[in-house]
Amino acid sequence: MPDFRTPHIDSLAKDGVMLTQHIAAATLCTPSRAALLTGRYPIRSGCERCDLTQVCPFLHSCILVYLGKWHLGLNCESSEDHCHHPFRHGFDYFYGLPLTNLRNCKPNAGNVIIVGSRSNVRTVVQAVVLALCVLLLLDLFHLVTVPWRALGFIFLAVTLLLVVVLLFLSQFRNINCILMRNRRVIQQPFSCENLTQRMTSEATGFIERNSDRPFLLFMSFIPVHTALYASPDFLGKSRHGLYGDSVEEMDWSVGQILASLERLNLSNRTLVYFTSDQGAHIEEISDAGEVHGGWNGIYKGGKATNWEGGIRVPGLLRWPGVLTAGKSIDEPTSNMDLFPTIFKLSKAAMPSNRIIDGRDLMPLLLGEVQQSDHEFLFHYCNSYLSAVRWHPRHSSSVWKAHFFTPNFNPEGRQGCFDTHVCMCYGAYVSQHDPPLLYDLSRDPAESSPLTPTSEPQYYQILEAMREAVNKHQRTLTPVPDQLSLNNVIWKPWLQPCCSTVWEHCHCDNERSRSPALVGNTD
């Protein structure tokens, strides 16, 4: 929003390069983060699937440091194997949340699982009640002999299952909302109190300790993902409620990191990259009715959709003395591009045994080329190809075709408020044949789809995009499904527990530590 006070984030655009068509490779956290860390479409890594499960819902699932939200899984076979830990992905130090930040993680902030499933639960309850009424009528008129004893056992089993689910939900915070340092759980459940400040202290401490050698610091901010929180210094200070408070505290953190680089004379030797893993979560409204999900400006839709509001994200890069300050680039780029860019800058050999979909950004940033190396970008909703973007060579047009779009609910709103996030299949979407076609260079808000009458090259454009889709899909090979039901269902034996079950796995080795000491490693 235009009246947010974010001077430090704004300075990244003023002193660096702004990518105005920077695109997240997925519409949700887990697959988008997988794309950023691998330089590949998430479907190539098995991080997209066909049904309801779109992210990791539970935990089991140079010098490099990862701070903040991980959300790419943790354990495979036991509660301590840490097969998906950041250490297994090249990082040397980790301080953060192995899962994510949810409403459930903050006391009295509500339950996002219940919010997201209430429409499905309502449908199931209605179907069960209707079925029982029909059986009663059939039995009453002696049309069917109903085995009431068997139904009673089924009802008892369902009741017991419901009790187990409710017990699990009541303990969700203790089970999943944990803070780790390296392989050790240090706070379970984690406390929101001063968490951004603690993370910032970790970041600046790391920079201080490693100022004399190359490093990569991955600072994955926990806000402004809900549940929102702000430290006392920021609480109630913005013009946009708790969401604004969280944004402004994040900006303060960015400022602290930039100040550390400046103080240590590292600014001219450091490439800073600022982005988001998807657009704002339009449907995220607190139980009190306060907007907690953010704002997407002119762009339609939000998180979990392939409308521009769901995938067009900030792309700010600053490198004083190397990148031209105040430069704006209107070419399509992707968060997958970070991977090959870092490889090239570090003079490391790119993996040759897999397809890398990202492109090195430096030629574009330096002005050595004028057009993005991405002629086509493919947009998935789960494992379904939802849309494709085409920027023809030597053309200013950026065409985008939607093969299906989510059905917003209530109609006329910009999100799927009945399910909390938009789904990708069945009655939740509308298929389009021919696809909805837009020229984003003229209609970035995707407000008026083109027709054969309004666009003379309509059929040729769609045909070129279909050919690109066919070519792309031929490069896909079967891989294990990382988000299969078997992988994401909760397994107690994979659950980290820093104390005992009788103590509700509770521990707190952080509260006694002052912010000045948080940067110390174990």
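At 17% relative accessibility, C83 counts as buried in this predicted model, and the cut-off that places C83 in this class is a relative accessible area under 20%. The partner of C83 is C76, and the two sulfur atoms of this disulfide lie 1.8 Å apart. C76 has a relative accessible area of 32% and is therefore partly exposed, so that the link joins a partly exposed cysteine, C76, to a buried one, C83. About the S-S bond the angle is 85°, which gives the link of C76 and C83 a right-handed sense.

The disulfide of C76 and C83 belongs to a set, since the count for the model comes to 6 disulfides. A disulfide is a covalent bond between the sulfur atoms of two cysteines. If the bonded cysteines of the protein chain are numbered in sequence order, the pairing reads 1-2, 3-4, 5-8, 6-7, 9-11, 10-12. Another of these links connects C416 with C422, at an S to S distance of 2.0 Å; the angle about its S-S bond is 95°, and the link of C416 and C422 is right-handed. Both of its cysteines, C416 and C422, are buried.

The link between C498 and C507 likewise has its sulfur atoms 2.0 Å apart, but with -115° about the S-S bond the link of C498 and C507 is left-handed. As for the surroundings of this pair, C498 has a relative accessible area of 27% and is partly exposed, whereas C507, with a relative accessible area of 11%, is buried. C192, by contrast, takes part in no disulfide, and the nearest cysteine sulfur, which belongs to C105, is 7.4 Å away. Because a disulfide requires two cysteine sulfur atoms within 2.5 Å, the separation of 7.4 Å between the sulfur atoms of C192 and C105 leaves this pair outside the rule. C192 nevertheless counts as buried, at 13% relative accessibility, and C29 is another buried cysteine, at 2% relative accessibility.

From the cysteines the description can pass to the strands. An open sheet is formed by 4 strands in the order β7-β8-β1-β9, with mixed pairing. Its edges are β7, residues 272-275, and β9, residues 327-334, each of which pairs on one side only. On average, and with direction ignored, neighbouring strands of this sheet are turned by 25° against each other. Strands of a sheet pair through backbone hydrogen bonds, either parallel or antiparallel. Within this sheet, β1 (residues 17-23) and β8 (residues 315-318) run antiparallel and are joined by 2 bridges, and V17 has L317 of β8 as its bridge partner.

A further strand, β3 (residues 93-97), is mostly covered, with 5 of its 5 residues buried. β3 runs antiparallel to β4 (residues 179-181), to which 2 bridges join it, and here the bridge partner of Y95 is R181 in β4.

Helix α1 leads back to the mixed sheet. Among the residues of α1, I9, S11, L12 and A13 are buried, and the buried residues of this helix pack against β1, β7 and β8 as well as against helix α7. Two packed helices are described by the angle between their axes and the distance between the axes. For α1 (residues 7-15) and α7 (residues 241-263), the axes come within 7 Å and cross at roughly 60°, which means that α1 is oblique to α7. On the side of α1 the contact is made by P7, H8, I9, S11 and L12, and on the side of α7 by M250, D251, W252, V254, G255 and L258. These residues divide into 7 nonpolar, 3 polar and 1 charged.

Helix α7 also contains S253, a residue that is buried, with a relative accessible area of 0%. When its neighbours within four places in sequence are left aside, S253 is in contact with T196, T200, M219 and F221. As for a residue further along the sequence, S253 and L338 are 85 residues apart, and their C-alpha atoms are 22 Å apart in space.

Terms used:
Residues numbered from 1 in each chain as written. Predicted model: local features only at pLDDT ≥ 70, side-chain atom pairs only at ≥ 80, totals over all residues. Heavy atoms only, no water. Pairing = 2+ DSSP bridges. Axes fitted to C-alpha atoms, helices over the stretch in contact; angles between N-to-C directions. Buried < 20%, exposed > 50% of the residue type's maximum accessible area, 1.4 Å probe, protein only. Parallel < 35°, antiparallel > 145°, perpendicular 65-115°, else oblique. Contact = heavy atoms within 4.5 Å. Nonpolar A, V, L, I, M, F, W, Y, C, P; charged D, E, K, R; others polar.
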